[in-house]
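I opened this notebook to record what I looked up in the structure, one topic at a time. The entries follow the order in which I checked them.

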Amino acid sequence: MAYGTIDHVRRTPTILHLDMDAFFAAAEQAAKPSLRGKPVVVGGISGRGVVSTASYEARVFGVRSAMPTAQARRLCPNAAYLAPRFHVYREVSEKVMTLLHELSPLVEPLSLDEAFVDLEAGGVADDADSARAVGEQLRRDILAVTGLTGSVGLAGAKMLAKIASEQAKPNGLVLIEPGTERELLGPMSVRTLPGVGPATAEALRKAGIHTVAETAEAGEAELVRLLGRAHGAGLYAMALGQDDRPVVAERDAKSISVEDTFEVDLTDRTRVRAEVMRLADRCVQRLRAAGRSGRTVVLKVRNYDFSTLTRSETQRGPTDDPAVVREAAGRLLDLIDTTGGVRLLGVGVSGLADFTQEDLFAQVATERAAEEARLAEEAKAVAGASAGESGAEGAEEAAERPRKWVPGLDVVHAEYGPGWVQGSGLGRVTVRFEQPWSAPGRVKTFLVDDPALAPGEPLPLVGGGPDATPAGDVAPPADGGAHPAGGEDAARPEIGEARSVIADEAAPSGTDNSAAPVTVEDSAACVTVEDRAAPVTAGDGSPRPPIPAEPPPSGVQPSGEPAMRPKSRSVEPAGVRPPESSPASAASAPEISSR
């Protein structure tokens, strides 16, 4: 195969592809100093969850996006497993997209963290040198505005620009010079081409085709024979690098849908129907938020054996009426046997339009449902009034039920300030109090229904620090890193000087265990943490002398980091606890993390 310039490709590399590096996980590391440089996995944290993003530290262990969380935990049990905070990611994404729109009016977002930009249309680049300069400046601007990094690919076609950005990861820039496209693509694996998944790659492998060059040499006729006309012809064009697709500023959505995977298979038909109705309402909310309506309602059911069934029903006209979508989804559910158990349910709407066609019967049904709801509320009010104080007590008890604290959730404590949930279980919630611009913070454990603890708002990833925080709130990083929090004389946080909220029942009276390693069990996040950040004080409040260095106890790595395990509990070996008269010795006694 002769190498050279590819047809249908610009002669200048002015199509830019930006892909943020491990976006969700990187945002969590930027927000949580204690997680920087450590494996972080963002996604569904339940047994049936799926990995959304893994940090580069976690990828070393084989963790990848779309992998079941249970498999990820087996590969990397020491990682921090966090629930996604999409409101944070959207806010960061908006800042990145604003920077891209400053370069060109033609910006084609592919997701929250990925987009194409036509630099030529913006008049900011007309050759390789100017395009490279724009790409490097964009990377600097993104880091300054968001605190995160992105990889940039530059080429004369969208497919090539995307391949270039993959080659640039992480935090780099690759420019494919005009005339070198085929030389670059030829030796690459056929999996590099868009649309080539495991099944297609296996079919090509059996035919002796492994690289892009071999795919092009096979010819269109052979690829059509192997893969079918549509896929074979398209793959041949991509192998030749023929990609004249323009950068489109707005991509029109084809459908809007929501789905949920359940930790336990649903076998109760009433429960299944209730979940379908709930998903239908969520789907309509998204539909209306997008200002759209749709003609076709789609129901997706995945059974206990992973078999997936899809049923659809097309309406007379576009609608965004929740009653119409619920009724259609209910009729579709009646067509599917769910007695064996349901693992996943989804409801979607396709055939989107920008207008609605009023359905008289649906309108009447909606009004009737509203009237029934009003009557039910009135009846409930009457029943509540007759119940008297017992009803008020029931409401108070409901309000006092323990809240759900998922790992990664932003929280604020009345005394200790902002932090994030590190884990919860057994009626306790563990919180690490730190800020994006601070050093790794202290860990404290509370009762799940502690009235002083409440969900909080996320802190900005950049723009904080001592100028935006009262003096003494945070301590400077020991390594003088990129997130300074004050001078050398800055005071330690108040939380570091406070005693533990939940005292160790086994500790002798009057003992301050703030310097001892704090081992936290988290049934959801599987994170074990050691904290030696607090200053050591005696019972009278005076400073204790420095504790001499000791060999690390069992369960602690030579680096000083804790040996993190999926399941652990904190125990104290016999004979280690000192007498009550020696609080300094008590504070230095190590806790050993074991099963």
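**Entry 1: the hairpin and its neighbours**

I began with the hairpin of β14 and β15, where 2 residues lie between the strands and L426 takes a positive phi near 55°. I note at the outset that this is a predicted model, and I read every value below as computed from it. L426 sits in the loop between β14 and β15, and its positive phi belongs to a residue other than glycine. I then asked myself whether L426 is exposed or buried. With a relative accessibility of 77%, L426 counts as exposed, because the cut-off for that class is over 50%.

Next I followed the two strands themselves. Strand β14 covers residues 417-425 and pairs with β15 in the antiparallel sense over 5 bridges, and I found V421 standing opposite V431 in β15. Strand β15 (residues 428-433) has a further partner in strand β16 (residues 442-447), to which 6 bridges join it, again in an antiparallel arrangement. On that side I noted R442 in β16 as the bridge partner of F433. When I checked burial, I saw that β15 is mostly covered, with 5 of its 6 residues buried.

**Entry 2: a second positive phi**

I looked up F306 as well, since its phi is near 75°, a positive value in a residue other than glycine. F306 lies in the loop between β10 (293-303) and β11 (308-319). The relative accessible area of F306 is 52%, so I list F306 as exposed.

**Entry 3: strand β7**

How many of the 6 residues of strand β7 are buried? I counted 6 of the 6 in β7 (residues 150-155), which means that the strand is largely enclosed by the rest of the structure. I then separated the faces of β7 and found both covered, with G150, V152 and L154 buried on one side and S151, G153 and A155 buried on the other.

For the pairing, I recorded that strand β1 (residues 15-20) runs antiparallel to β7 and is joined to it by 6 bridges, among them the one in which I15 has A155 as its partner in β7. With strand β8 (residues 173-175), β7 pairs in the parallel sense over 3 bridges, and L154 has L175 as its bridge partner in β8. While tracing the chain towards β8 I came upon P170, in the loop between α7 and β8; the peptide bond from K169 to P170 is cis, with omega near -10°.

**Entry 4: α4 against α6**

I turned to a helix pair next. Helix α4 (residues 86-101) and helix α6 (residues 128-146) pack at an angle of about 150°, and their axes are 10 Å apart. I noted that the crossing of α4 and α6 is right-handed. On the α4 side the meeting residues are V92, K95, V96, L99 and L100, while on the α6 side they are L138, D141, I142, V145 and T146. Sorted by class, this contact has 7 nonpolar, 1 polar and 2 charged residues.

**Entry 5: nonpolar cores**

Which residues have the most contacts inside the largest nonpolar core? The core has 40 residues, and I listed L16, L18, L100, L119, L138, L148 and L154 as those with the most contacts inside it. I took L148 as an example and, leaving out residues up to four places away in sequence, found that L148 touches M20, F23, A26, A27, A30, V92, I142, L143 and L461. Another core lies apart from that one, with 27 residues, including L160, I163, M238 and A239.

M238 and A239 led me to helix α12 (residues 229-239), whose buried residues are G232, L235, A237, M238 and A239. I found these buried residues of α12 packed against α7 (158-168), α9 (198-206), α10 (212-218) and α11 (220-227). After α12 comes G241, with a positive phi near 80°.

**Entry 6: the protein as a whole**

I closed with the totals. The secondary structure of the protein comes to 18 helices and 19 strands, and buried residues make up 43% of its 595 residues. Of the contacts with a separation of 6 or more, 63% are between residues 24 or more positions apart.

Key: Residues are numbered from 1 along each chain as its sequence is written. This is a predicted model: local features need pLDDT of at least 70, side-chain atom pairs count only at pLDDT 80 or more; totals for chains, interfaces and linings use all residues. Side-chain values use heavy atoms; hydrogens and water are left out. Axes are lines fitted to C-alpha atoms, for helices over the stretch in contact, and angles run from 0 to 180 degrees between N-to-C directions. Helices (H or I, at least four residues) and strands (E, at least two) are DSSP runs, numbered from the N terminus. A crossing is left-handed if the near helix is turned anticlockwise from the far one by less than a right angle, and right-handed if clockwise. Contact means heavy atoms within 4.5 Å. Ala, Val, Leu, Ile, Met, Phe, Trp, Tyr, Cys and Pro count as nonpolar, Asp, Glu, Lys and Arg as charged, and the others, Gly among them, as polar. A nonpolar core is a set of buried Ala, Val, Leu, Ile, Met, Phe, Trp, Tyr and Cys residues joined through side-chain atoms within 4.5 Å. Buried means under 20% relative accessible area, exposed over 50%, partly exposed in between (1.4 Å probe, protein chains only). Two strands pair if DSSP finds at least two bridges between them.
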